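Reader: Got a minute to go through this one with me? I'd like to poke at a few spots.
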Amino acid sequence: MTASEKTYLGVPVRKPRAAFFSLTSCEGCQLQLLNNEATLLDFLSLLTIVNFREAVSERSENYEIAFVEGSISRADEIPRLKSIRAQAQTLVAMGSCACFGGVNQLKNRFSDLDWVKKQVYGDHPIETQDVLPLSAIVKVDLNIYGCPIKKEEVEKVITNLVLGKSIDYPQYPVCMECKANQNVCLFDLGEPCLGPITRAGCDSWCPSNRLGCWGCRGPAETANVRQLKQIMREHGFSDEQMLDRLECFGGFSKFINELKNQ
Amino acid sequence: MLFRVFSKNELKNLYDILAVNHIVGPVSKGCNKNSTALYDFDFVYDFEELQLEYSATIHSLKRFILPAKETLCSFTLQKNNWQKHVELNAYKPIVYFGLHACDINALNKLDKVLAGKIYPDPYYAAKRNNMFIIGVGCTPQPFCFCHSMGADSVLHGFDMFLTDLGDSYFAEILSARAFECLSGITCREPGKSEHQRFLEVAQEKMKRFTCHVDTTDLTKILDLEFQADVWREWGEKCLSCGTCANVCPTCYCYGVEENVDLDMRHAAKTRHLYSCNLIDFAEVAGGHNFRPHSHDRLKYRYYHKHRGFVEAFEESLCVGCGRCGNACLANITVPEVIASVRGKEGYHG
Ligand code: SF4
Ligand code: SF4
Ligand code: SF4
Ligand code: SF4
Ligand code: SF4
């Protein structure tokens, strides 16, 4: 399908030039985009894709929207990200690594980076530093949360971007979706869950599969972390257990010191 | 109202007569970590699944009449034109077998808002008109305060209501359809001893209530205590998670969203149930939030239930089912909140 063929109610839709980039990550978010074969062609037809390692071989440095997955864990990624920022009108942080540092930032927990390198890479160390989210280096225009991202949500974001509609995320926590899915609350079944403080949008992916939420989407617009700590204790879960979850994806970093000092 | 009694053995026959329709009723959902049985409303496919002696269900009936997410209409987009398709999402009559009085009262309350004369909601009304309701007597649980809310017995809004007399059921019959159903099973008019037993059962139930809410002058007290500190205290606990409204049989607030499909040839308008405890409930165009604090939002939930609705309809929007308090991880319960506002700190049912 060519650019001139895509219309909305007869009005031609301009297909923005988009590029996808990967920094330190598992590339799972990019793969997630390609996952849903039923909608893949429609998805690709909304954008003029000029750079997408997982999907197309064409390369160009002329793009308007940059979708960046992954976090910063090496010095050479910083100039790369800055040049992406300089080119893109809209920079989208895609997935928890890009938004918060993701699972990668777990290594920031250890004060001795050399020890970490030794454990991970043995006698073949590679250059690595503390993990940072994109927003620590450049201005991010849009966050798409999740580890991995939810394909349906990205499709909605892109449709709205193309149509010029506003992009809204759920501000409420996962419990809202969990209750809509008629689940029995995991706390009643004796399992911990970060659902009450984590931003929704995943359709309560984990609790609906009987797994407590680990907070991959980061905090909801209002996140009563202190009260959840109390609730965890009442249900017999230690502060350590809660911290493990809060630290897993990096979204709750601003709450962690406050919580440790309580 | 007509009355009949029938032997408990006949219940299965009644079920079979009704089973040509979809049946929704209380079914088992396993146990919680303390081995307490859990129940919820769901489709029933076999008489044996129906748990008429259930304590209470986790969620209300809203899933069937006011779903958390509902497509109100969809659009087929063409060049310079579009077609709108409206579906009320009510396809077949559903038999609701085994509703407690509180949940039937909750439907009657929802009717005042959603099936009133001025702004009836066709999506709700379509499902509501396709209900055949069999109520069933209950055993008050430690969290039930329906008696305080005047919702422990129900006078209308059902087809048939069954009370367990021991070896037989006492049936109150409100509709011709229900009467016809009973003509298919062996039943008879109750005698004097059954009248007596029926009243005794009602009295026994009354003695079992342990949880109460003092509603005397509550609307005035809520006005007087609008600035009370207790609201802030509850607000500090509140997670703003919306669970209370989600499990509540009478919360009906919603938001509407319009989305265009990825193919740009279809679009839909979808309704999502919402909750006044959620952070952006009172956020308006331009971004101003009238209730940015969780204590304000929590307070307004109580004001709608126990004050605003009472002023409009002379009854509370709470039936006292206790679901919200049970489901709230922060242990915010209606009896304790109301008691604290009345100045009775430390009140526990
Ligand atoms: S399981 Fe988790 S997300 Fe679901 S209601 Fe319970 S706390 Fe909330
Ligand atoms: S339930 Fe929690 S951990 Fe699971 S996908 Fe959703 S936000 Fe992520
Ligand atoms: S009162 Fe409880 S259930 Fe309701 S929003 Fe607050 S924490 Fe959630
Ligand atoms: S406010 Fe709570 S107790 Fe009252 S009807 Fe709703 S869920 Fe039941
Ligand atoms: S305002 Fe709050 S309490 Fe009232 S119906 Fe809506 S969600 Fe329920």
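Reader: Let's start with A:Ile126: buried, partly exposed or exposed?
Author: This is a predicted model, to be clear. A:Ile126 has 42% relative accessibility, so it counts as partly exposed.

Reader: Where is A:Ile126 found in chain A?
Author: In a loop, the one that runs between α5 (113-121) and β7 (142-144).

Reader: And which residues form the nonpolar patch on the surface with A:Ile126?
Author: A:Val120 and A:Tyr121 join A:Ile126 there, and together they have about 270 Å² of accessible area.

Reader: OK, switching chains. B:Leu18, buried or exposed?
Author: B:Leu18 counts as buried, because its relative accessibility is 3% and the cut-off for buried is under 20%. B:Leu18 lies in helix α1 of chain B, residues 11-18.

Reader: What is B:Leu18 in contact with, leaving aside neighbours within four places in sequence?
Author: B:Ile23, B:Val95, B:Phe97, B:Phe132, B:Ile134 and B:Cys181.

Reader: How many Å apart are B:Leu18 and B:Trp234 in space?
Author: 46 Å, C-alpha to C-alpha, with their positions 216 residues apart in sequence.

Reader: Ligands now. What surrounds ligand 2?
Author: The shell includes A:Cys202, A:Cys206, A:Cys213 and A:Cys216, and also A:Trp205, A:Trp214 and A:Arg217. By type, the shell divides into 7 nonpolar, 2 polar and 1 charged.

Reader: And how many charged residues are in the shell around ligand 3?
Author: None; that shell has 7 nonpolar and 4 polar residues. Among them are B:Cys238, B:Cys241, B:Cys244 and B:Cys328, along with B:Asn277 and B:Ile332.

Methods: Residues are numbered from 1 along each chain as its sequence is written. Chains are lettered from A and ligands numbered from 1 in the order in which they are written. This is a predicted model: local features need pLDDT of at least 70, side-chain atom pairs count only at pLDDT 80 or more; totals for chains, interfaces and linings use all residues. Side-chain values use heavy atoms; hydrogens and water are left out. Patches are made of residues with over 30% relative accessible area and no salt bridge: like charges are joined within 9 Å, nonpolar side chains (Val, Leu, Ile, Met, Phe, Trp, Tyr) within 5 Å. Accessible areas come from the Shrake-Rupley method with a 1.4 Å probe; for residues, only the protein chains shown count as cover. A salt bridge is a side-chain nitrogen of Lys or Arg within 4 Å of a carboxyl oxygen of Asp or Glu. Helices (H or I, at least four residues) and strands (E, at least two) are DSSP runs, numbered from the N terminus. Buried means under 20% relative accessible area, exposed over 50%, partly exposed in between (1.4 Å probe, protein chains only). A residue is near a molecule or strand if one of its heavy atoms lies within 4 Å of it. Ala, Val, Leu, Ile, Met, Phe, Trp, Tyr, Cys and Pro count as nonpolar, Asp, Glu, Lys and Arg as charged, and the others, Gly among them, as polar. Contact means heavy atoms within 4.5 Å.
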